[in-house]
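Let's take a walk through a protein together, one piece at a time. Keep the picture open beside you and look for each part as we reach it.

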Amino acid sequence: MYFYNVNELYRAMSPSVPLQEMIRAIRSARTQCEERGVIQRECAAIRAQFRQADNGGRSHNLAKLLYVHMLGYPAHFGQMECVRMIASPRYSEKRVGYLGAMMLLDEKQDASLLITNSIKNDLSHSNQYVQSLALCTLACMGSAEMCRDLAPEIDRLLRASNSYIKKKAALCAVHIVRKVHDLGELFVPAARSLLAEKNHGYIPSCMHSAVMCMCLCCVFQTVPDLVQIMKGLVLSGYSPEHDVAGISDPFLQVRILRLLRILGRNNEGASDAMNDLLAQVATNTDSTKTVGNAVLYETVLTVLDIKSESGLRVLAVNILGRFLLNNDRNIRYIAMTSLQKIVGTDHNAVQRHRGTIVDCLKDQDASVKRRALELSLALVSASNIRSMMKELLLFLSSCPAELKAHAASGIFNAAERYAPSQRWHIDTILHVLTTAGGDVRDETVPNLIQLITNASELHCYTVHKLYRALLSDISQQSLVQVACWCIGEYGDLLLRGECQETEAVQVTEDDVLDALETVLQSHMSSPATRGFALTATMKLSTRITDNVDRIRSIVSIYGSCIDVELQQRAVEYNALFKKYDHMRAAVLERMPVIEKNSSGHTNGESTGEAMKDIQPAKIKQGEPLLPPQPANQVCDLLDLLGGSDETLQPSPAVGAPAPGLLINTASIAGGDLLDLLGVLEPAPLAPAPTLPVYEKDGVTLTLSCEKQSDTGLTVTLTASNSTESDISSFTLQAAVPKSVQLHMKAPSGDYLPARGTAKVTQMVVLNNPNKVSPKMRVRISYTSRGSAFQDTVQIDSFPGLDAAGQ
């Protein structure tokens with residue numbers, strides 16, 4: 001094959017080579033560098049010829065420059081040549097000049113204003129093709145100033161007798177109205193006259209003009225004209241000139257329907273005028289052809305967007321239902337997209353096509369499946385929850401991986417809203433976890449645990465079912481975590497083997513421990529899952545009798561685990577076995593019913609905004625939420641009121657089901673058991689009188705009381721920070737006389753943001769069997785601006801209480 005030598009070829013070229021020769025030279029370049037060299041030399045020759053006053057090849061040179069521009073090279077130096085050529089009396093030069101103006105100029109450049117006078121002169125030219133060039137250029141790059149100056153000329157051409165010019169003028173009017181909305185009224189009379197034209201070829205352009213300039217000026221007056229034109233198209237006989245697959249000018253019908261949709265929006269009068277027409281189009285249009293479906297789809301959108309009658313809306317939904325049966329996936333997709341938008345307002349009408357929508361879940365196309373899933377979830381109601389959930393669960397088992405998370409989340413939401421019973425709700429969620437446990441969201445585990453704790457009559461059934469699921473598959477991490485939590489909480493119910501809801505299965509202590517050890521040793525288990533399993537194993541030490549030594553051995557193994565959190569849990573649990581075995585039963589007792597609080601509330605009190613670092617959305621397995629406090633601080637505080645020979649009893653664990661157990665520092669006299677109970681949110685209290693007990697350096701502590709019984713008293717301490725800096729590591733420690741028993745609940749957090757945007761609350765339960773006058777001393781500790789602060793306050797009075805009654 002022969003290759004051109006580009007340099008030799010270009011040397012043989014004259015200073016003004018033909019366009020074809022320049023193109024051949026550029027295409028013959030074998031490297032980008034050679035191509036740039038050819039273009040640079042040619043552009044230099046073009047510049048030199050532009051400077052000549054008498055240049056016979058102006059159009060030839062500008063054409064070559066436009067080709068260079070299309071290749072992406074700079075061609076701005078040809079802008080003024082375009083202006084000069086537009087002013088030329090010769091049509092050949094004027095044509096290239098207007099083409100160059102459309103390519104090289106835009107409304108942001110000052111050079112575009114120089115051609116305004118030339119365009120105005122050419123709009124009045126006797127040659128229709130010269131007028132066409134001016135109209136096309138103005139419609140392409142006319143600025144707002146040019147549109148204002150030339151708008152009267154366009155309005156004049158809209159009334160011309162030449163159909164070719166009127167079509168170009170209508171397109172130009174569209175551009176002018178888009179640029180300057182105020183000029184819309186200028187074109188209204190001419191645009192109305194175009195609606196009566198017999199030639200359909202340029203009416204669609206006028207429809208655009210009407211959309212821009214007539215909808216605000218004469219909405220209702222225009223609707224009858226459009227309705228009349230549309231009826232003529234629908235009822236007219238066969239017209240070879242405008243027929244497309246048996247539909248008379250479908251393009252014009254679609255434009256008119258779009259305009260009617262704009263005119264009828266939020267206008268009852270205009271909507272009433274077009275209701276009959278829309279019904280006629282919907283019933284008389286052939287739906288077996290693509291063009292017919294296009295017209296029907298625009299009809300449906302118009303019906304749903306205007307204030308149409310209820311019967312007409314049902315007809316529109318039925319048309320979309322027929323689209324769902326179409327073999328074309330694109331038509332099915334747009335049908336479901338439209339149904340998704342109206343399912344909230346026309347729910348019953350869409351419900352009639354539920355079966356067809358569910359069948360679309362089996363479609364091979366991923367986009368159609370996604371739309372069908374979204375629409376199916378929107379159709380779930382209390383009356384069809386069981387049947388719809390069967391279909392959705394069947395879809396979940398075979399759906400693509402990218403849809404599993406969305407399907408699982410939708411099923412969870414639907415089950416929570418419309419569950420007919422708690423058992424059905426639990427079974428449904430467990431089925432989802434078994435099928436798509438790896439694709440569910442993080443909040444699924446705590447939500448399911450909360451649901452299980454509230455269904456006290458189903459604890460035995462749930463733990464049996466989860467135990468069997470754990471034996472069959474430990475790859476689904478969410479399912480394994482819930483199963484471990486339930487086994488740890490309700491392991492005694494599992495060992496009894498008595499469950500009325502399911503067939504009895506005899507489970508031994510060794511079987512349960514074997515299952516938990518399998519989870520602990522499996523390579524598929526995440527650190528969080530191992531944390532659940534380790535805590536469950538520890539909790540079983542208070543629920544079984546014969547295998548406590550085995551549990552102690554399992555826990556001790558993980559005291560040297562490479563995972564820091566798991567190691568910490570194991571060390572704390574070993575401390576329970578060795579030093580505080582007498583407290584193990586109280587620390588590991590069963591969790592109470594978990595209350596789900598609304599966001600933005602803490603202890604029943606609205607904070608106005610989310611508090612930082614107080615209650616995380618998901619508590620990780622074994623995550624310590626309170627900083628450890630030295631043991632001597634606890635002992636020192638116990639001596640504030642004259643010493644205490646009694647060991648304070650820890651309060652039972654409350655709050656969210658955190659597998660990592662952390663004890664509040666004021667609940668026990670010792671440092672090894674610090675962090676054994678998680679930060680758990682106390683139950684809300686009823687409003688009670690408050691008493692300021694401490695106010696110093698911007699930190700305020702208030703106290704409120706509620707009498708639970710003759711000897712019981714609940715005290716709520718609320719701390720706030722009015723300074724300009726945040727406070728961290730905020731803790732409260734309390735001491736009472738020997739005759740009063742104190743139980744401190746976990747605080748709502750240890751962080752106080754600046755300017756009082758959030759608060760920290762601490763609940764203290766006092767048991768006063770001797771009914772003496774209650775007293776309490778509180779130590780306040782916190783860190784602000786890198787410095788540690790500590791102070792003590794004595795509380796001698798409690799608001800709202802009868803001292804004699806205590």
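A salt bridge, as we'll use the term, is a side-chain nitrogen of Lys or Arg within 4 Å of a carboxyl oxygen of Asp or Glu. Keep in mind that what you're looking at is a predicted model. Now try one pair: Arg550 makes a salt bridge with Asp510, and their closest N and O atoms sit 3.2 Å apart. This pair links distant parts of the chain, with Arg550 in helix 30 (residues 548-557) and Asp510 in helix 28 (residues 509-521), 40 residues apart. Arg550 is partly exposed, at a relative accessible area of 23%, and Asp510 is partly exposed too, at 35%. The two have company: a network of salt bridges links Asp510, Asp514, Glu517 and Arg550.

Let's step back for the overall picture. The protein has 806 residues, and 52% of them are buried. Its chain forms 33 helices and twelve strands. Now take the contacts with a separation of 6 or more: 68% of them involve residues 24 or more positions apart. As for salt bridges, searching the whole structure turns up 25.

Two more of those pairs are worth a visit. Which residue does Arg24 meet in a salt bridge? The partner is Glu21, with 2.6 Å from N to O. Both residues belong to helix 2 (residues 19-28), and they are three residues apart, about one turn of the helix. That spacing fits a handy rule: an α-helix has 3.6 residues a turn, so residues three or four places apart point the same way. Arg24 counts as partly exposed because its relative accessibility is 33%, and Glu21 gets that label at 28%.

Next, find Arg332 and Asp363, which form a salt bridge with their closest N and O atoms 2.3 Å apart. Arg332 lies in helix 18 (residues 329-342), while Asp363 is in the loop between helix 20 (354-359) and helix 21 (366-379), so this pair ties together parts that are 31 residues apart in sequence. Are these two buried or exposed? Arg332 is buried, at a relative accessible area of 9%, and Asp363 is buried as well, at 10%. Both values count as buried because the cut-off is under 20%.

Now for some helix packing. Two packed helices are described by the angle between their axes and the distance between the axes. Helix 3 (residues 32-51) packs on helix 4 (residues 58-70) at an angle of about 145°, and the axes are 10 Å apart. The crossing of helix 3 and helix 4 is left-handed. On the helix 3 side, the contact is made by Ile39, Glu42, Cys43, Ile46, Gln49 and Phe50; helix 4 brings Asn61, Leu62, Lys64, Leu65 and Val68. Sort these by class and you get seven nonpolar, two polar and two charged residues.

Stay in this part of the chain and look for helix 5 (residues 79-86). Six of its eight residues are buried, so helix 5 is largely enclosed by the rest of the structure. The buried ones are Gln79, Glu81, Cys82, Val83, Met85 and Ile86. What covers them? The cover includes helix 3 and helix 4, which you've just met, along with helix 6 (91-104) and helix 7 (116-123).

Time for the strands. Five of them form an open sheet with antiparallel pairing, in the order 5-6-7-10-9. Strand 5 (690-696) and strand 9 (741-744) stand at the edges with a single partner strand each, so one side of each has no neighbour in the sheet. From one strand to the next, the twist averages 20°. Inside the sheet, strand 7 (residues 712-721) and strand 10 (residues 760-767) pair in the antiparallel sense over eight bridges. To find your place there, look for Val715, which stands opposite Val764 in strand 10.

Our last stop is strand 8 (residues 727-735), which is mostly covered, with seven of its nine residues buried. Strand 8 runs antiparallel to strand 11 (residues 776-784), and seven bridges join them. Which residue of strand 11 is the bridge partner of Ile727? Look for Ser784.

Notes: Residues numbered from 1 in each chain as written. Predicted model: local features only at pLDDT ≥ 70, side-chain atom pairs only at ≥ 80, totals over all residues. Heavy atoms only, no water. Helix = DSSP H or I, 4+ residues; strand = E, 2+ residues; numbered from the N terminus. Buried < 20%, exposed > 50% of the residue type's maximum accessible area, 1.4 Å probe, protein only. Axes fitted to C-alpha atoms, helices over the stretch in contact; angles between N-to-C directions. Left-handed = near helix turned anticlockwise from the far one by under 90°. Contact = heavy atoms within 4.5 Å. Nonpolar A, V, L, I, M, F, W, Y, C, P; charged D, E, K, R; others polar. Pairing = 2+ DSSP bridges.
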